Amino acid sequence: MRVKVLKGKISNFKCDAAVVCHFEGGKKLSGAASRVDQASGGLIREVLESGDFEGKKGQIAVVYTRGAIPARRILLLGLGKKGEFDLEKLRRAFSKAAQRARDLNLKGFATSVDIGDVGQPPGRLAEALVEGVILGLYHFLPFKTAEKEGRGKMGELVIVEEREKAFGEVKEAAKRGQIVSGAVYFARDLVSTPSNEMTPTILARKAKEAVRNKKVRLNVLDVKGIKKAGMNALLGVARGSHEPAKFMILRYVGAPKKEKPVVIVGKGITFDSGGISLKPAEKMDEMKADMSGGAVVLGVFKAVSELQLPVNLVGLIPATENLPGGGAYKPGDVLRSLSGKTIEIISTDAEGRLLLADALTYAGRFNPAAIVDIATLTGACVIALGEDVIGMLGTDEKLKGRIRAAAEETGEKLWELPLWEDYAELIKSDVADFKNTGGRAGGAITAAVFLSKFVGKYPWVHLDIAGPAWRKAGKPHIPKGASGIGVRLLVQFLVNRTKGN
Ligand code: BES
Ligand code: MN
Ligand code: ZN
């Protein structure tokens, strides 16, 4: 998608379509809409008076201008009630506008962030608008033979800005929106790709691609390296598959070296069959998405390095398949993790926490300011919070507050679950230090309590994205399938750190 920010008036701008916004029930037109209305001799008023369009969120009226203004069409876009406006509404509305433009076979459209006074600076509006347009147009077609052509014509977004003062801000924000959305696309593509084409080896290759020509160092441990490091919990999971495991270490230094880094850890199970504790066949195909956390980490590195954020960041991705091959680990086995603590395997399907345990211990090597892991960890989290919501658990109130604040800004829904020590009773083992499941009750929590045993003393937050990583039904800005949820959240969290909060 080409995104341009140009100086000028949308009412004078020649384009296939000018998208202007209206709030539901508003008597007055605001901002760009009012000027387009004036310049066109009242075309927008006419639509409102007809009663065809009220301005409900995501509602769209297509008006042909017949030369009244240089734009061939006006796409009148509803933003819902003004009192309920937030950036997420803008994102979703512009996703719908972009989808309509695509359906109309338009090559692009022009718009303005001057939507009236909504208490948001032009930059934030521009960023959300660009995100909405790009994120809403995502589709995954590499394996579709026929549909490659014809689709994806909507290739240009022009933001026209007439206010001298706002121009620079809008231009920069649009660029940010484009970078971050590109990172979300990158993550979505990795997740959408079937596991036969997204093995740990290929994921490591994609990691290289994500950071090519950037200020990121990538180190990939192969099975020998993982053994040497002592990550036996990861190796245990990997034993059931012929595909060799990988452990990716990414490092980005954007701040002075002495500044402690943030470490982000992503679960990289490229396919989760459950192993010997085999999953039921139904929907097992969706387990190609079990590397969503790892994909998020790569997306975040892509964005952070392109934005050149002044932060220090480490990324860790333990990657393997979880299969029931002849060498597979088995219920009853005991694994000795990198931390030295031993784990009795009750279910080989509780594999994510095993690789994360080793990665979280490994994270301690970087003496981090904070550790955030992100993982499609438990079905129990989906049962607790539904398919839309990220489960958050962690040891540090401040860090949790910052993650929560970032989620509110990006519109990614997140809810905290308690990390009470009482739950540790449920993962006590008779033969080892811990067992890898605590039963069905409170499954998202016992999984997090398990992880907490491997974190050390660092501020830590765990994000369970088992629900929203893969969407059964689409939303305007998240077409069905891979969502890339977590990329914008973590980028925003890191951006906020650079502002000292
Ligand atoms: N990858 C799954 C969790 C999952 C389930 C992600 C549904 C996305 C959608 C994870 O490895 C798993 O299998 N967890 C088990 C744990 C149980 C055996 C304690 C689960 O949630 O059933
Ligand atoms: Mn599993
Ligand atoms: Zn899994």
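**Ligand 1 and a three-stranded sheet**

Biologist: Start with the sheet. Which strand do three bridges join to β12, and how do the two run?
Modeller: This is a predicted model. Three bridges join β12 to its partner, and the two strands run antiparallel. That partner covers residues 342-344 and is β13.

Biologist: Which residue in β13 is the bridge partner of Val-334?
Modeller: Val-334 lies in β12, which spans 334-336. Its bridge partner sits in β13. That residue is Glu-344.

Biologist: What is the strand order of this open sheet, and which are the edge strands?
Modeller: The sheet is open, has three strands and shows mixed pairing. Its order is β12-β13-β17. An edge strand here pairs on one side only. That holds for β12 (334-336) and β17 (434-435).

Biologist: Now the ligand. Where does ligand 1 sit, and how many residues surround it?
Modeller: Ligand 1 occupies the largest pocket. Among the closest residues are Lys-279, Asp-290 and Gly-379. The full count around ligand 1 is 15 residues.

Biologist: How does that shell divide into nonpolar, polar and charged residues?
Modeller: Asp-349 and Glu-351 are also among the closest residues. Asp and Glu count as charged. The shell divides into three nonpolar, five polar and seven charged.

Biologist: Which side chains have an N or O atom 2.8 Å and 2.9 Å from an oxygen atom of ligand 1?
Modeller: Both distances fall within the 3.5 Å cut-off for a polar contact. The 2.8 Å pair involves the side chain of Asp-349. The 2.9 Å pair involves that of Glu-351.

Biologist: What share of the area of ligand 1 does the protein bury?
Modeller: Taken alone, ligand 1 exposes 520 Å². Of that, the protein buries 75%.

Key
Residues numbered from 1 in each chain as written. Chains lettered and ligands numbered in written order. Predicted model: local features only at pLDDT ≥ 70, side-chain atom pairs only at ≥ 80, totals over all residues. Heavy atoms only, no water. Near = heavy atom within 4 Å. Polar contact = N/O pair within 3.5 Å; in protein donor to acceptor, adjacent residues only side chain to side chain. Areas by Shrake-Rupley, 256 points an atom, 1.4 Å probe, with all protein chains shown as cover. 1 Å grid on protein atoms, 1.4 Å probe; cavity = no way out; pocket = protein on both sides within 12 Å on 5 of 7 lines; lining within 4 Å. Sits in = over half its atoms within 2 Å of the grid points. Pairing = 2+ DSSP bridges. Helix = DSSP H or I, 4+ residues; strand = E, 2+ residues; numbered from the N terminus.
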